[in-house]
Amino acid sequence: MSTAELAPAYIRAISPYLPGKPITELAREMGIPVDSIIKLASNENPLGMSPKARAAMEKAAAGIERYPDNFDLTRALADRYALGMNQIVVGNGSNDVLDLAARVFLAPGYSSVFSRHAFAVYPLATMATGAECIAVAAKDFGHDPDAMRAAIRPDTRIVWIANPNNPTGNFLPYPQVKAFLQSLPQHLIVVLDEAYNEYLPPADRADTVAWLKEFPNLLITRTFSKVYGLAGLRVGYGLASAEVADLLNRVRQPFNANNLALAAAVAALDDNVFLAESYESNRRGMEQILAGLKRLGLSHIPSHGNFITFKAGDAAGVNQRLLKQGVIVRPLANYAMPEHLRVTIGLESENARFLQALENAVSVKADAGVTGVK
Ligand SMILES: *Cc1c(COP(=O)(O)O)cnc(C)c1O
């Protein structure tokens with residue numbers, strides 16, 4: 001028996017998460033300087049972090065010998081959303097909260113339901129518990145609520161919805177999300193993952209937090225990693241009924257979010273100037289990239305996030321040719337989308353450089369010998 005066989009078969013069946021290629025790794029591989037590389041692969045905020053968050057983090061560094069206390073962030077979130085503090089779950093990134101939901105509600109013999117091209121963490125978190133994954137066929141790459149409802153079984157305990165979804169950018173209008181919630185059986189938890197919520201234009205937004213009163217089985221997750229620009233600190237949160245939050249908090253590591261992250265998150269939450277700048281920069285960048293894709297005759301999936309997924313045909317080849325020019329985007333073969341690439345909306349100059357590199361990459365015929373890479 002190999003040592004690996006000591007792990008349950010359902011753990012051995014997991015394929016690891018594929019992150020965006022780190023800048024330093026590409027620099028080593030291609031022998032190009034770090035400063036000449038742009039990374040538009042992980043939906044990070046090109047404006048960096050809020051100056052208020054930075055100041056708070058620097059101040060918090062003075063108390064780093066202490067274990068963290070998430071009281072201030074929990075209270076700030078409870079105030080912000082008019083919820084009880086017992087309805088908040090602080091996470092080491094919202095990923096942590098997704099994982100807690102799986103650990104609390106799934107186990108061998110149970111199943112979870114998600115859309116085929118939804119966020120990769122749903123199958124990962126599900127499989128780690130030994131529960132079964134039910135991937136539902138998508139409609140135009142987005143969620144198909146009717147098909148998802150039909151896929152629910154008596155042993156299903158979680159339905160995952162990312163809205164907007166990553167990596168496709170699809171958005172299911174909120175009236176449809178609510179109708180879906182109302183139509184579901186009561187024996188399951190609905191995780192509504194709103195990592196890109198702050199990028200939605202006002203007309204598309206809805207007060208989903210208010211729905212918690214009506215749906216005690218709803219868990220909403222949000223993050224400081226995207227519009228707040230704190231991806232490297234790892235902090236996110238879940239909002240739920242007190243009952244659901246209590247269960248997640250029992251399984252949560254007591255000190256899961258660190259001092260620096262907690263302090264930065266509290267400060268970032270109220271920095272409306274930085275949020276508005278980030279939103280505007282994203283809106284402009286979206287227009288810029290969409291115009292560029294149109295010029296190149298490339299189709300895309302309408303996106304409601306801070307990234308755009310477009311069809312590149314020989315995406316693996318195009319990706320390699322982008323990498324050679326120092327531009328990192330995200331290939332999506334592991335999302336069963338081998339012809340698509342996902343680009344994060346960057347600064348104006350980064351978007352321009354991406355579009356130029358893309359033009360070079362698609363105009364090269366993928367003939368043998370041209371790229372030398374498969
Ligand atoms: C980025 C992202 C998250 C957030 O991950 P963090 O752990 O908070 O950094 C969650 N869900 C989706 C769909 C995402 O794209």
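Mentor: Before we look at any helix pair: axes are lines fitted to C-alpha atoms, over the stretch in contact for helices, and angles run from 0 to 180 degrees between N-to-C directions. Helices (H or I, at least four residues) and strands (E, at least two) are DSSP runs, numbered from the N terminus. We're on a predicted model, where local features need pLDDT of at least 70 and side-chain atom pairs 80 or more, while totals for chains, interfaces and linings use all residues. Residues count from 1 along each chain as its sequence is written, and side-chain values use heavy atoms, with hydrogens and water left out.

Trainee: Okay, what makes H5 and H6 oblique to each other?

Mentor: Their packing angle is about 40°, with the axes 9 Å apart. Under 35 degrees counts as roughly parallel, over 145 as roughly antiparallel, 65 to 115 as roughly perpendicular, and the rest as oblique. At about 40°, H5 and H6 therefore come out oblique. The crossing of H5 past H6 is right-handed; that word is for a near helix turned clockwise from the far one by less than a right angle, and left-handed is for anticlockwise.

Trainee: Which residues make the contact of H5 with H6?

Mentor: Contact means heavy atoms within 4.5 Å. H5 brings Asn95, Leu98, Asp99 and Ala102, and H6 brings Val121, Tyr122, Ala125 and Thr126. Sorted by class, they are five nonpolar, two polar and one charged. (Ala, Val, Leu, Ile, Met, Phe, Trp, Tyr, Cys and Pro are nonpolar; Asp, Glu, Lys and Arg are charged; the others, Gly among them, are polar.)

Trainee: Why is H4 called roughly parallel to H10?

Mentor: H4 (residues 71-81) packs on H10 (residues 259-269) at about 25°, axes 9 Å apart. That angle makes H4 roughly parallel to H10. Their crossing is left-handed. On the H4 side you'll find Asp72, Leu73, Ala76, Leu77 and Arg80, and on the H10 side Leu262, Ala265, Val266 and Leu269. That gives seven nonpolar, no polar and two charged residues.

Trainee: At what angle do H3 and H10 cross?

Mentor: Roughly 145°, and their axes come within 8 Å. H3 passes H10 in a right-handed crossing. Lys52, Ala53, Ala56, Met57 and Ala60 of H3 meet Asn259, Leu260, Ala263, Ala264, Ala267 and Ala268 of H10. By class, the count is nine nonpolar, one polar and one charged.

Trainee: Now the empty space. How many cavities of 30 Å³ or more does the structure hold?

Mentor: One. On a 1 Å grid over the protein atoms alone, a cavity is a set of points where a 1.4 Å probe fits but cannot get out; a pocket is an open set with protein on both sides within 12 Å along at least five of seven lines; and lining residues have an atom within 4 Å of a point. Grid points join across faces, edges and corners, and the volume is the space filled by probe spheres set on them. The largest cavity holds about 40 Å³, and Asn45, Pro46, Leu47, Tyr199, Ser278, Ser281, Asn282 and Asn306 line it. That lining is three nonpolar, five polar and no charged.

Trainee: And what volume does the largest pocket have?

Mentor: About 620 Å³. Its lining has 30 residues, with Tyr17, Asn95, Phe119, Lys226 and Arg234 nearest the centre. Helices H5 (94-105) and H6 (121-128) each supply at least two of the lining residues. By class, the pocket lining has 13 nonpolar, nine polar and eight charged.

Trainee: How do you know which peptide bond at Pro164 this is, cis or trans?

Mentor: From omega: going from Asn163 to Pro164 it is near -5°, and the bond is cis. Another cis bond joins Asn166 and Pro167, with omega about 15°. Pro164 is in the loop between E5 (156-162) and H8 (174-183), and Pro167 also lies between E5 and H8.
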